[in-house]
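Me: Please take one part of this structure and examine it closely. I should like a connected account of its packing and of the elements around it.

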Amino acid sequence: MADTARHSILLTGASGRVGRMLCASWAEVAPGLALLPQYRGRAPSGAVSWDPLEGPDALLAHVAEAGRPLAILALAGVTPGPGRDLTLNRLLAEETLDAALQAGVRRVLLASSSAVYGAGDGAPFAEEAARAPVNAYGAAKLEMEEACAPWRARGLDICALRIGNVAGADALLLNVAGAGRGGAVVIDRFADGGGPVRSYIGPATLAAVLATLCRHPGPLPGALNIAAPEPVAMTALAQAAGARAESRPAPVDAHQRITLDCRRLGALHRFVPEDSTAAEMVRQWRATGRP
């Protein structure tokens with residue numbers, strides 16, 4: 001069983017929207033590398049029951065019985081919403097890193113967010129760009145990233161994944177799903193007549209990227225932007241999903257382009273041109289069976 005475990009990835013946060021889409025996409029794009037979902041409560045067959053905030057014991061027991069996974073993909077976290085304590089993102093990361101160290105798992109891919117950069121000036125953010133979050137979520141993720149230093153010093157290979165928009169977990173496509181096929185969604189219109197442009201990634205492409213990073217033979221960068229190589233116009237994404245895109249004048253504080261420079265990721269993972277298209281992102285979203 002230990003040999004099987006070395007070809008598996010432990011996914012925390014499997015019950016979240018991105019986690020569920022990864023579980024639906026994984027087998028097709030990462031053959032030979034099993035995804036082992038984690039749940040805080042009772043876990044279904046083939047999953048692990050472990051709450052990182054309750055300490056490492058449940059994970060250590062699983063590893064003792066089934067073997068050590070190749071890596072931990074730590075998606076568990078707190079997203080914005082009324083009454084949610086975003087500071088738990090740091091604590092969740094710290095407990096997960098501590099458990100990984102005790103379990104002998106040497107690599108942790110830690111879900112951060114492109115929100116750590118802030119809005120910027122329209123130029124794509126490279127990983128070395130200044131981090132100036134403009135909201136509490138971005139600030140919490142930045143605090144989480146900065147808390148990793150002691151575990152890196154103790155030998156953990158930790159890569160903070162600064163994830164852009166994941167198709168199907170983003171506000172636009174959730175609005176499209178709510179409107180129904182052919183329904184209308186409203187998109188900001190800027191002075192040049194165009195709408196917002198953002199960095200996106202489809203769920204299957206995301207799964208393939210994460211599998212590549214888990215398997216990477218050498219140390220990973222401390223941080224990586226995670227998105228398809230080319231940004232996508234949000235109007236094109238809505239139309240590819242079958243929505244009717246209506247426009248409104250953009251508010252004065254809106255930003256037309258907030259995008260990521262993904263060349264560092266592109267040196268590690270081989271993308272194909274379709275990965276950056278609105279049609280393929282929508283196809284991948286629909287293939288997960290998620291609304």
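Reply: Helices α8 and α11 are roughly perpendicular to each other (65 to 115 degrees; under 35 is roughly parallel, over 145 roughly antiparallel, the rest oblique). The model is predicted, so local features require pLDDT of at least 70 and side-chain atom pairs pLDDT 80 or more, whereas totals for chains, interfaces and linings use all residues. Numbering starts from 1 along each chain as its sequence is written, and side-chain values use heavy atoms, without hydrogens or water.

The part chosen is α8, which spans residues 203-215. Helices (H or I, at least four residues) and strands (E, at least two) are DSSP runs numbered from the N terminus. The angle between α8 and α11 is about 85°, and their axes lie 7 Å apart (lines fitted to C-alpha atoms, for helices over the stretch in contact; angles run from 0 to 180 degrees between N-to-C directions). Pro203, Ala204 and Thr205 of α8 meet Met281, Gln284 and Trp285 of α11, contact being heavy atoms within 4.5 Å.

A second helix, α2, packs on α8 at an angle of about 70°, with 8 Å between the axes. This pair, too, is therefore roughly perpendicular. On the α2 side, the contact involves Val18, Met21, Leu22, Ser25, Trp26 and Val29; on the α8 side, it involves Pro203, Ala204, Leu206, Ala207, Ala208, Leu210 and Ala211. Pro203 and Ala204 thus appear in the contact with α2 and again in the contact with α11.

The loop between α10 (263-266) and α11 (278-287) holds His269. Apart from its neighbours within four places in sequence, His269 touches Ala208, Val209 and Thr212. With a relative accessibility of 9%, His269 counts as buried (under 20% relative accessible area; exposed is over 50%, partly exposed in between, with a 1.4 Å probe and protein chains only).

α8 also belongs to the interior of the model. The largest nonpolar core contains 49 residues, and those with the most contacts inside it are Trp26, Leu73, Leu109, Leu161, Leu213 and Ile226. Of this core, α8 supplies the largest share, 7 residues. Such a core is a set of buried Ala, Val, Leu, Ile, Met, Phe, Trp, Tyr and Cys residues joined through side-chain atoms within 4.5 Å. Apart from it lies another core of 22 residues, including Val63, Ala100, Met144 and Trp151.

Leu213 shows what α8 faces. Neighbours within four places aside, its contacts are Arg107, Leu109, Leu161, Leu220, Leu224, Ile226, Leu265 and Leu268. Several of these names lead to the sheet strands.

Strand β6 (residues 157-163) is largely enclosed by the rest of the structure, because 7 of its 7 residues are buried. One side carries Asp157, Cys159, Leu161 and Ile163, the other Ile158, Ala160 and Arg162, and both faces are covered. In general, side chains of a regular strand alternate between the two faces of the sheet. Strand β5 (residues 107-111) pairs with β6 in the parallel sense over 5 bridges; pairing requires at least two DSSP bridges. Ala111 is placed opposite Leu161 of β6. Over 4 bridges, β6 also pairs in the parallel sense with β11 (residues 223-226), where Ala223 is the bridge partner of Ala160.

These strands belong to an open sheet of 7 strands with parallel pairing, in the order β3-β2-β1-β4-β5-β6-β11. β3 and β11 are the edges, each with a single partner strand, so one side of each has no neighbour in the sheet. Further along the sheet, β1 and β4 (residues 71-74) form a parallel pair over 4 bridges, with Leu11 opposite Leu73 of β4. β1 (residues 8-12) likewise pairs in the parallel sense with β2 (residues 34-39) over 4 bridges. Helix α2 (residues 17-29), the helix packed on α8, carries the chain from β1 to β2 in a right-handed β-α-β crossover (clockwise from the first strand over the helix to the second, with the strands pointing away from the viewer).
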